[in-house]
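Subject: Structure for your files, with notes

Hello,

Here is the structure I said I would pass on. My notes on what turned up in it follow below.

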Amino acid sequence: TNFYMLENFGIGIDIVEIKRFQDKPFEKNINFYKKIFTESEIKYCLNKKNSAETFASKFAIKEAVIKSIKKQIELFNIITDYEDSKPVVSLKNDNTYKFLVSSTHEKLFAISTVISEKQISS
């Protein structure tokens, strides 16, 4: 078996208690949110009925990305978005990784799993 072929792949998972974001309303914690989320992410979350749930889900995605890659990166530089109602991820100023993302939330928790692939330059 060729295990070395997996060295360009990583996996990360994260679970976040939604209450953490319910206890930190955006209006009273703007600087906290701006250190983690981009303007478009903040706008997206605030437009949702339960913004705490959406913030928690995006936070879980970002944490799962950090766990899946072999480089130091700030949460703010991990960009989450949606295509066809599915989460997608990119890194600011870095296109060397591709990601598969799954995220869900249920009552108390948001959970995300990320598989990353580092592109090999030829």
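I will begin with one cysteine. Leaving out residues up to four places away in sequence, Cys45 touches Ser51, Thr54, Phe55 and Lys58. Please keep in mind that this is a predicted model. Cys45 belongs to helix α3. Its relative accessibility is 0%, under the 20% limit, so Cys45 counts as buried. Cys45 and Phe55 are 10 residues apart in sequence, and their C-alpha atoms are 6.0 Å apart in space.

Seen from the other side of that contact, Phe55 touches Phe21, Phe26, Tyr33, Phe37, Ile42, Cys45 and Leu46, again not counting residues up to four places away in sequence.

The nonpolar cores

The largest nonpolar core has 16 residues, and Phe21, Tyr33, Phe37, Phe55 and Phe59 are those with the most contacts inside it. Helices α2, α3 (39-46) and α4 (51-68) each supply at least two residues of this core. The largest share comes from α4, with 5 residues. A second, separate core has 12 residues, among them Ile69, Val89, Leu91 and Val101.

Helix α4 itself has 18 residues and reaches 26 Å from its first C-alpha to its last, close to the 26 Å expected at 1.5 Å a residue. Of its 18 residues, 14 are buried, which leaves α4 mostly covered.

The aromatic residues

How many aromatic pairs does the structure hold? There are 12 aromatic pairs. One of them is formed by Phe21 and Tyr33, and this pair is tilted, at 6.0 Å centre to centre with 55 degrees between the planes. It links distant parts of the chain: Phe21 is in helix α1 (residues 19-22) and Tyr33 is in helix α2 (residues 30-36), 12 residues apart. Both Phe21 and Tyr33 are buried.

Tyr33 also forms an aromatic pair with Phe37, and this one is stacked, at 6.1 Å centre to centre with 25 degrees between the planes. Are these two residues, Tyr33 and Phe37, buried or exposed? Tyr33 is buried because its relative accessible area is 2%, and Phe37 is buried because its relative accessibility is 1%; the limit for this is 20%.

Ring pairs join Phe21, Phe26, Phe32, Tyr33, Phe37, Phe55 and Phe59 into a cluster. One ring in that cluster, Phe32, has a charge over it: the charged end of Lys24 sits 4.8 Å from the ring centre.

The loop residues

Thr38 is in the loop between α2 and α3. Where a residue lies in a loop, I looked at its burial as well. Thr38 has a relative accessibility of 13% and therefore counts as buried. Its contacts, leaving aside neighbours within four places in sequence, are with Phe76 and Ile79.

Ile73 lies in the loop between α4 and β2. Its relative accessible area is 15%, so Ile73 is buried. With neighbours within four places in sequence left aside, Ile73 is in contact with Ile66, Ile78 and Leu91. Ile73 and Lys92 are 19 residues apart along the chain, and 9.6 Å separates their C-alpha atoms.

The strands

Strand β2 (residues 78-83) runs antiparallel to β3, and 6 bridges join the two. Ile79, which is in contact with Thr38, stands opposite Ser90 in β3. The hairpin of β2 and β3 has 2 residues between the strands, and Asp84 there takes a positive phi near 50 degrees.

Which residues make up the covered face of strand β3 (residues 86-91)? They are Pro87, Val89 and Leu91, while Lys86, Val88 and Ser90 make up the uncovered one. Val89 and Leu91 also appear in the second core, and Leu91 is one of the contacts of Ile73.

In strand β1 (residues 9-17) the side chains alternate as well. Gly10, Gly12, Asp14 and Val16 point to one face and are buried, whereas Phe9, Ile11, Ile13, Ile15 and Glu17 point to the other and are not. β1 pairs with strand β5 (residues 109-118) in the antiparallel sense, over 9 bridges. Within this pairing, Ile13 stands opposite Thr113 in β5.

Regards

Definitions and conventions. Residues are numbered from 1 along each chain as its sequence is written. This is a predicted model: local features need pLDDT of at least 70, side-chain atom pairs count only at pLDDT 80 or more; totals for chains, interfaces and linings use all residues. Side-chain values use heavy atoms; hydrogens and water are left out. Rings of Phe, Tyr and Trp (its six-membered ring) pair if their centres lie within 6.5 Å; planes under 30 degrees apart count as stacked, over 60 as edge-to-face and the rest as tilted. Helices (H or I, at least four residues) and strands (E, at least two) are DSSP runs, numbered from the N terminus. Buried means under 20% relative accessible area, exposed over 50%, partly exposed in between (1.4 Å probe, protein chains only). A charge sits over a ring if NZ of Lys or CZ of Arg is within 6 Å of the ring centre and within 35 degrees of the ring normal. A nonpolar core is a set of buried Ala, Val, Leu, Ile, Met, Phe, Trp, Tyr and Cys residues joined through side-chain atoms within 4.5 Å. Contact means heavy atoms within 4.5 Å. The expected span of a helix is 1.5 Å times one less than its number of residues. Two strands pair if DSSP finds at least two bridges between them.
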